[in-house]
There are 2 protein chains.
Amino acid sequence: MSRSPTPKRRATLASLAAELKVSRTTISNAYNRPDQLSAELRDRILTAAKRLGYAGPDPVARSLRTRKAGAVGLVITEPLTYSFSDPAALNFVAGLAETCEETGQGLLLVAVGPSRTVEEGSAAVLSAGVDGFVVYAAADDDPFLELVLDRQLPVVIVDQPPEVPGASRVGIDDRAAMRELAEYVIGLGHRDIGLLTMRLGRERLSEAERQAALVGPDRLRDTHFRAQRERIAGVHEAMAAAGLDPEKLTIVESFEHDSISGGTAAELALTTDPRITALMCTADVLALSAMDYLRARGIYVPGQITVTGFDGVPEALKRGLTTVVQPSFEKGRRAGNLLLNPPGSGLPVLDILPTELVRGRTAGPPG
Amino acid sequence: MSRSPTPKRRATLASLAAELKVSRTTISNAYNRPDQLSAELRDRILTAAKRLGYAGPDPVARSLRTRKAGAVGLVITEPLTYSFSDPAALNFVAGLAETCEETGQGLLLVAVGPSRTVEEGSAAVLSAGVDGFVVYAAADDDPFLELVLDRQLPVVIVDQPPEVPGASRVGIDDRAAMRELAEYVIGLGHRDIGLLTMRLGRERLSEAERQAALVGPDRLRDTHFRAQRERIAGVHEAMAAAGLDPEKLTIVESFEHDSISGGTAAELALTTDPRITALMCTADVLALSAMDYLRARGIYVPGQITVTGFDGVPEALKRGLTTVVQPSFEKGRRAGNLLLNPPGSGLPVLDILPTELVRGRTAGPPG
DNA sequence: ATGAAAGCGCTAACAG
DNA sequence: CTGTTAGCGCTTTCAT
């Protein structure tokens, strides 16, 4: 594990060439096109390189020349803790990472969460040395999206927002999936439903404001996250189709992502409308937390309250949650593929992946 | 959300300068040193830039010039699924990501898992445009470590291996932590102990070979992962100190990381030595899986079998596992800080973080 | 406050 | 198989 003494000035391809009295091309070829020179000469070069502490062509200089960075950027507009605490998000990243690994690309995490100012986040986006971007779960009005688009690189949008000109998109049919689930719940006989959602806007809230909150018509209309909006619409549609008044749906918004936030939201919903017999959630993490809360209160699921989720994360499946399973990992893979091997046409693609309704053990007739 | 029509040739700083008949320096200043030119001129430049679809200085060219990439590389030598399925590893990444976010650096995931050949992995390391590397949980003989070192960039090693010249290291005292835990277990009265470990070598195994395996003296001596080695040593030391024969410790190695692998390993240990009354595990994920297995078999914990873990992941704590809590997130933060703000001395640092023994509900006297 | 000149380290023709 | 010639797009003294 010993290293050659560091030279005063880092060796470069040119200095190596001078040292060996060959041309720079030859050195370059030794690394990039081994078949373009004799094995013998190549060996001599590699040996000298090792001696001089030359680790091969500088990646940055090469990138400048070849116009390829060998990495894709993942823009995460949520606070980091979000992405790392929701298994669905994580699985997405894992899928993307897998595609990158397979194709030898790096995956650059560009964090532009609320902890930074817009200026700082912009710098991060503008200074990312990548060949393209994947934007995950951005709000419709996310300021960084514009910035990413400005870079004029290939972009793949995941889940939201909708319809960005020139960008491919991968996602699921959130509305249809949620509608099917709601139809199932309503079919079970539920009339009074509570819906727990993730945050609906991207405003920066203080610690204190980040409590669960009731969602009124105004807030609902002002929802900036497409997926949430669509899932809510799915429930509304199912209610309307069943002759229920969509207005009666009690919606609670959760701003946090931790293990108790779902419980807090559930409590608010149940307090607001004590007749609620079913709590639907737009994310499994919310549902699992809500179940913990209910259990602690001695409320039996599904005997007294039906609970449903969305995502199909492993823990939810393990605990028998009735939910919609979406292929998060595959979404990551697809996003990566779309970016790395764009379809021949060059035209943007809309890739809608299938979901599956899983009837678990947490939904039953009203108690 | 409309974009200016893409020009035939991407706008550059130079083309903008020509267009506006100012020097390149001025354009550069407009972006990098706003105070070096009149607000008026700057506005004119920025407006023209927008019109021409110029998104600001090319990050790669800037990197070449300034010798700063604005990103740190994280070299993950495990298969990706590992890192994304172990909450401890994940938390580490989250901590590192947080530091990066705070300092406006990108985090480049360089995957060099076994799914790629050494050649391919090498290319990934050699072509990463970063200012430094964090190497997480590498084996002593990991081939990529050399490569990373060759790049002559700052390097921070996490957990293992030990003693890389010139590199700072952050980790915990694995041996002492495990010894303390073992002392506790032995103190409870256990004499026959089984130890479930993660893989001990970095050989590439076929699907079929990746079953749990008994670890004999040879394999033990050939352990290439420092942390595992140290934790095992900790148990040995505690046994010796208590007058027990360390040779009697039944050690089982698990090659997988999924939700059943701990159970498979537990089964093998228990079959090998039916007198075992305590199963110690070098990772919580193993212990949790083992507990699932025992429960399925109707074996009561801790009544019939004591189970302990290592790491202190949230689920383990929630389930009352007796374990060692280590500050995974903080490790990530420290690693990032060491890389981004190296200590003034310039000398490598060894940063050993504290751990805490948590006496949960899964350890008791032998049944 | 602005400009001219000099390279950062490399690769891609193309010619020999 | 090897060398020559031209930049890739930018920042940075140093002058003006």
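Begin with both chains shown as surfaces in this predicted model: chain A and chain B bury about 4,600 Å² between them, and 57% of that area lies on carbon and sulfur atoms.

Next, select the residues that form this interface, where 52 residues of chain A are in contact with 53 residues of chain B.

Now turn to the charged and polar pairs. Between chain A and chain B there are 4 salt bridges, and one that can be displayed as sticks is the pair A:Asp292 and B:Lys318, whose side chains meet at 3.5 Å, taken from N to O. The count of residue pairs in polar contact between chain A and chain B, with both residues at pLDDT 80 or more, is 8.

With those pairs still displayed, colour chain A by secondary structure and keep the side that touches chain B in view: helix H4 (59-66), helix H5 (80-85), helix H6 (87-102), strand E2 (106-111), helix H8 (143-150) and helix H14 (314-318) of chain A each supply at least two residues to that side. The largest share, 7 residues, is supplied by H6(A). If this side of chain A is then recoloured by residue class, 26 nonpolar, 10 polar and 16 charged residues appear on it.

Finally, select E2(A) together with strand E2 (residues 106-111) of chain B, and look at the backbones: the two strands run antiparallel and are joined by 3 bridges. Which residue of E2(B) does A:Leu107 stand opposite? Centring the view on A:Leu107 brings up B:Leu109 as the residue facing it across the strand pair.

Key. Residues are numbered from 1 along each chain as its sequence is written. Chains are lettered from A and ligands numbered from 1 in the order in which they are written. This is a predicted model: local features need pLDDT of at least 70, side-chain atom pairs count only at pLDDT 80 or more; totals for chains, interfaces and linings use all residues. Side-chain values use heavy atoms; hydrogens and water are left out. Contact means heavy atoms within 4.5 Å. Buried area is the accessible area (1.4 Å probe) that two parts lose on being put together, summed over both. A polar contact is a pair of N or O atoms within 3.5 Å; within protein, one must be able to donate a hydrogen and the other to accept it, and residues adjacent in sequence count only if both atoms are side-chain atoms. Helices (H or I, at least four residues) and strands (E, at least two) are DSSP runs, numbered from the N terminus. Ala, Val, Leu, Ile, Met, Phe, Trp, Tyr, Cys and Pro count as nonpolar, Asp, Glu, Lys and Arg as charged, and the others, Gly among them, as polar. Two strands pair if DSSP finds at least two bridges between them.
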